[in-house]
Amino acid sequence: MRGTDPRIVLGLHRSRHERRLLTRALELGVTSLDTGFNYLGFQSHRTLAQTAGDLLPKFTVSTKVGYLPGPHGAEHSLNPVRLLAAVEQAVRDFGREPELVFLHNPEQSLREAGARGREALAAACEALREATVKGLCGAWGVASWAPSPLPGLIDKTVPRPAVLMVRAGLLVGAGTLDATDALTAAWGLGSGEVWGMSPFAGSASSPVWERFDPRVFLRGDSGFSRVQAAFRIAYALPRVAAVAVGTDQPSHLAELVDALNAGVNTSVTDEYRCLLRERFRGQPD
């Protein structure tokens, strides 16, 4: 991680991978891209190389491996051989080594691993650590949509990632927030080694952002929009150094960059987390 200021990572999950957006991102000072092996129908890496190959050296690039092509479409795998092969394919498709490769949603296959879950997770992490040692990527990490199964599996046999990426924002539940805290503690990660994703839980235009005003979590009357407030608060729920966010609209990206100037009232976000936790624990099993 570079510096302590909050950073934006341009996520390409639902992106059309248009050159104009990448050009505008660079103009705005957004110099990190995040994609995945399975994005854009397993064509994200090739498409980026074809449409913006000359721009890619100006970005730090992260990608994810875990969802792989199968006989009936995409399938999830923690098989170390397949994961390492996916990283090698990513390098060929990009025409360069990505700075960071995430193990993508390992919990997806851990349900099937049962009692051998720790061994399966450790082997998958070791495959990405090996990819780093081989120079196929600069570092490796773990991206988890639902991290609750992971903290109990972490011990000395499971390699430590450089970065953890988890869901962030006002719509993340107490269970996920607490699991993230437990996972960062188990791996000994600092907040500078944690990224957030999906800060709007799918859409910045969702009606939920009209039903309440996220600006109550900001310091002072600073004139930011509700969308900007919701985005800025994602850096505090949980505490993360960067947030991966997707858009195809350069104007929306500019709005989010401006939101980084907002100040978060951490006492309010801490109180909000306490209320979430109390409600979570009060729910019947």
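Two strands pair if DSSP finds at least two bridges between them. Helices (H or I, at least four residues) and strands (E, at least two) are DSSP runs, numbered from the N terminus.

This is a predicted model: local features need pLDDT of at least 70, side-chain atom pairs count only at pLDDT 80 or more, and totals for chains, interfaces and linings use all residues. Residues are numbered from 1 along each chain as its sequence is written, and side-chain values use heavy atoms, with hydrogens and water left out.

**Exercise 1. The whole chain**

Task: Describe the fold content, the compactness and the burial of the chain.

Solution.
- Step 1. Take the elements. The chain has eleven helices and ten strands.
- Step 2. Check compactness. The radius of gyration is 19 Å, close to the 19 Å from the globule rule for 285 residues, so the chain is as compact as a globular protein of that length. The radius is taken over C-alpha atoms, and the rule is 2.2 Å times the number of residues to the power 0.38.
- Step 3. Add the box. Along the principal axes, the C-alpha atoms fill roughly 50 × 50 × 35 Å.
- Step 4. Check burial. Of the 285 residues, 51% are buried. Buried means under 20% relative accessible area, exposed over 50%, partly exposed in between (1.4 Å probe, protein chains only).
- Step 5. Check contacts (heavy atoms within 4.5 Å). Among those with a separation of 6 or more, 77% join residues 24 or more positions apart.

**Exercise 2. Strands β8, β9, β10 and β1**

Task: Trace the pairing from β8 through β9 and β10 to β1.

Solution.
- Step 1. Start at β8 (residues 163-167). It pairs with β9 in the parallel sense, over four bridges. Arg 167 lies in β8, and its bridge partner in β9 is Met 197.
- Step 2. Move to β10. β9 and β10 are also parallel, with three bridges. Here Met 197 has Ala 244 as its bridge partner.
- Step 3. Finish at β1. Five bridges join β1 to β10, and the two run parallel. Gly 11 stands opposite Gly 246 of β10.
- Step 4. Look at the side chains. In a regular strand they alternate between the two faces of the sheet. In β9 (residues 194-197), Val 194 and Gly 196 point one way, Trp 195 and Met 197 the other, and all are buried.
- Step 5. Check the cover of β10. Four of its five residues are buried.

**Exercise 3. Around Arg 167 and the cis bond**

Task: Which residues does Arg 167 touch, not counting those up to four places away in sequence?

Solution.
- Step 1. List the contacts. They are Ser 144, Trp 145, Val 172, Thr 176, Met 197, Ser 198, Leu 237 and Pro 238.
- Step 2. Pick out Leu 237 and Pro 238. A cis peptide bond joins them, with omega about -5 degrees. Most peptide bonds are trans.
- Step 3. Place Pro 238. It sits in the loop between α9 and β10.
- Step 4. Add a distance. Arg 167 and Ala 201 are 34 residues apart in sequence and 8.3 Å apart, C-alpha to C-alpha.

**Exercise 4. Helix α10**

Task: What do the buried residues of α10 pack against?

Solution.
- Step 1. Name them. In α10 (residues 250-259) they are Pro 250, His 252, Leu 253, Leu 256, Val 257 and Ala 259.
- Step 2. Find their partners. They pack against β1 (7-11), α1 (19-27), α9 (226-233) and β10 (242-246).

**Exercise 5. Two positive phi values**

Task: Are Asn 105 and Phe 42 buried or partly exposed?

Solution.
- Step 1. Recall the rule. Most residues other than glycine have a negative phi.
- Step 2. Take Asn 105. Its phi is positive, about 45 degrees. It lies in the loop between β6 (100-104) and α5 (107-113). At 11% relative accessibility, Asn 105 is buried.
- Step 3. Take Phe 42. Its phi is near 65 degrees. It belongs to helix α2 (residues 39-42). With a relative accessible area of 22%, Phe 42 is partly exposed.

**Exercise 6. Asp 178 and Cys 137**

Task: Give the place, accessibility and contacts of each residue, leaving out neighbours up to four places away in sequence.

Solution.
- Step 1. Place Asp 178. It is in helix α7 (residues 174-187). At 23%, Asp 178 is partly exposed. It touches Arg 273 and Arg 277.
- Step 2. Place Cys 137. It is in the loop between α6 (117-133) and β7 (139-144). At 6%, Cys 137 is buried. It touches Glu 97, Pro 98, Glu 99, Val 101, Ala 131 and Thr 132.
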